[in-house]
Amino acid sequence: MVEAKEERPSLFSPYQMGRFRLSHRVVLAPMTRCRAIDGVPKQGMAVYYAQRSTPGGFLISEGTVISPTGPGFPHTPGIYTREQIEEWKKVVDAVHAKGSIIFCQLWHVGRASHPVYQPGGAAPISSTDKPISGRGRILMPDGSYAKYPKPHRLTTAEIPEIIQLYRQAAINAISAGFDGVEIHGAHGYLLDQFLKDGINDRSDSYGGSLQNRCRLIVEVTRAVCAAVGPDRVGLRISPAIDHLDAYDSDPLNLGLAVINKCNELQRDAGQRLAYMHITQPRYTAHGQTESGPLGSPEEERQFMRAWRDAYQGTFMCSGGFTRELGIEAIESGDADLVSYGRLFISNPDLVERFRVNSGLNRYNRATFYTHDPVVGYTDYPFFHQNRSRL
């Protein structure tokens, strides 16, 4: 009797992500687009996300701030007012009408902000009172760039309010119709500012040891899971990414510590998180500057494989992926899902283009953070439009 060979998964094969049945493994990554005027989603956002929706596809929203102290870019959406919730419903409905699943990424930039974005012109909050170094510049509402200011170091007494903000934002997202939420614990923003020893210089129970530095992200994750259910919660981390001075002396073990805490949380809950989302180390060299070497592929692979092997659940990776690298990641077992950013910006039908291995539209980085509701946003041509011109 000949045993049937188990078919290897592919980038285009179905996947069961907890309660969600996905028809393929190409995910829209969360990306700041600065089109939510005064923090409120607009009609263009419904068009944008619907364009990138496919039956059984999975989308993660752009970073969506959890409170008035959360933003660090102009015109980023929030999920803390009734108006924002009602307008997000229109976006979510447009995505669901195309048969896609969408999570809301819960975001607080922490010290990566400026008094111009803060209520009453206050200092932004962080784990520290050290500002981001002069190498970094913040985009201002008028399109100019400025230095990052000195932040306010959160006191231990202030931290429970931050946890509550994440919890309430998750509840608001579900109220808006989102299928779940992704907690943004990556890329040098607030939760990452507590994780990384290159930033966190605290001497209280939220600083110092690796366990203490993981405390806030674990408490936030537990609170959000308790509010909406673990299977509606994803977590994004970037242990090896140094964006916005987010250095750590031991990124491998930092990632393992967060993952082990999440595994413990899952065991306690008797239910898995929706997924763990980790950015490849090459993101900084390639995804941000698009110049220079990508780093050591072997070291990247060792880090990602260690994290992948340690996490007990769905593992998603992102950061500089091409079609070929995505196929390799899935077929090798290095990931269950792959999220794409820049390629999805300029190719609303990226999944179809990947399936037929067609050419891709080139993206225009100059339009990534503009406020025009159309240009560089909903005006990229679809594959079938290109073919009709031949």
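**Exercise 1. How far is the sulfur of Cys225 from the closest cysteine sulfur, and in which residue is that sulfur?**

Before we start: this is a predicted model, where local features need pLDDT of at least 70, side-chain atom pairs count only at pLDDT 80 or more, and totals for chains, interfaces and linings use all residues. Residues are numbered from 1 along each chain as its sequence is written, and side-chain values use heavy atoms, with hydrogens and water left out.

Step 1: find the partner. The closest cysteine sulfur sits in Cys262, 8.0 Å from that of Cys225, which is too far for a bond.

Step 2: check against the cut-off. A disulfide is a pair of cysteine sulfur atoms within 2.5 Å, and the structure holds zero of them.

Step 3: look at the surroundings. Cys225 counts as buried at 7% relative accessibility, and Cys262 is buried too, with a relative accessible area of 4%. (Buried is under 20% relative accessible area, exposed over 50%, partly exposed in between, with a 1.4 Å probe and protein chains only.)

**Exercise 2. Work out which strands make the barrel, and what lies across them.**

Step 1: trace the strands. The closed barrel has eight of them, in the order E3-E4-E5-E10-E11-E12-E13-E14, with parallel pairing. Helices (H or I, at least four residues) and strands (E, at least two) are DSSP runs, numbered from the N terminus; two strands pair if DSSP finds at least two bridges between them.

Step 2: get the twist. Neighbouring strands of this sheet are turned by 25° against each other on average, direction ignored.

Step 3: zoom in on one pair. E5 (residues 101-107) and E10 (residues 180-185) pair in the parallel sense over four bridges, and Cys104 stands opposite Val181 in E10.

Step 4: add helices. H1 (residues 43-51) lies across E3 (26-28), E4 (58-65) and E5, at about 150° to E4. H10 lies across E13 and E14, running at about 160° to E14. Axes here are lines fitted to C-alpha atoms, for helices over the stretch in contact, with angles from 0 to 180 degrees between N-to-C directions.

**Exercise 3. Find the buried residues of H10 and say why they are on the same side.**

Step 1: list them. In H10 (residues 323-331), the buried residues are Arg323, Gly326, Ile327, Ala329 and Ile330.

Step 2: explain the pattern. They cover an arc of only 160° around the axis, so they end up on the same side of H10; the arc is that of the directions from the helix axis to the C-beta atoms.

Step 3: see what covers them. The cover includes E13 (315-318), E14 (337-340) and H12 (350-356), where contact means heavy atoms within 4.5 Å.

Step 4: move past the end. Gly333 follows H10 and has a positive phi, near 85°.

**Exercise 4. Describe how H3 and H6 cross.**

Step 1: the axes of H3 (residues 159-175) and H6 (residues 215-228) come within 9 Å and cross at roughly 35°.

Step 2: residues making the contact include Ile163, Tyr166 and Ala170 of H3, and Val220, Ala223 and Val224 of H6.

**Exercise 5. Compare the settings of Leu244 and Asn357.**

Step 1: most residues other than glycine have a negative phi. Leu244 has a positive one, near 60°, and Asn357 has one of about 55°.

Step 2: Leu244 lies in the loop between E11 (233-237) and H7 (251-269) and is buried, at 12%.

Step 3: Asn357 is in the loop between H12 and H13 (383-388), and at 47% relative accessibility counts as partly exposed.
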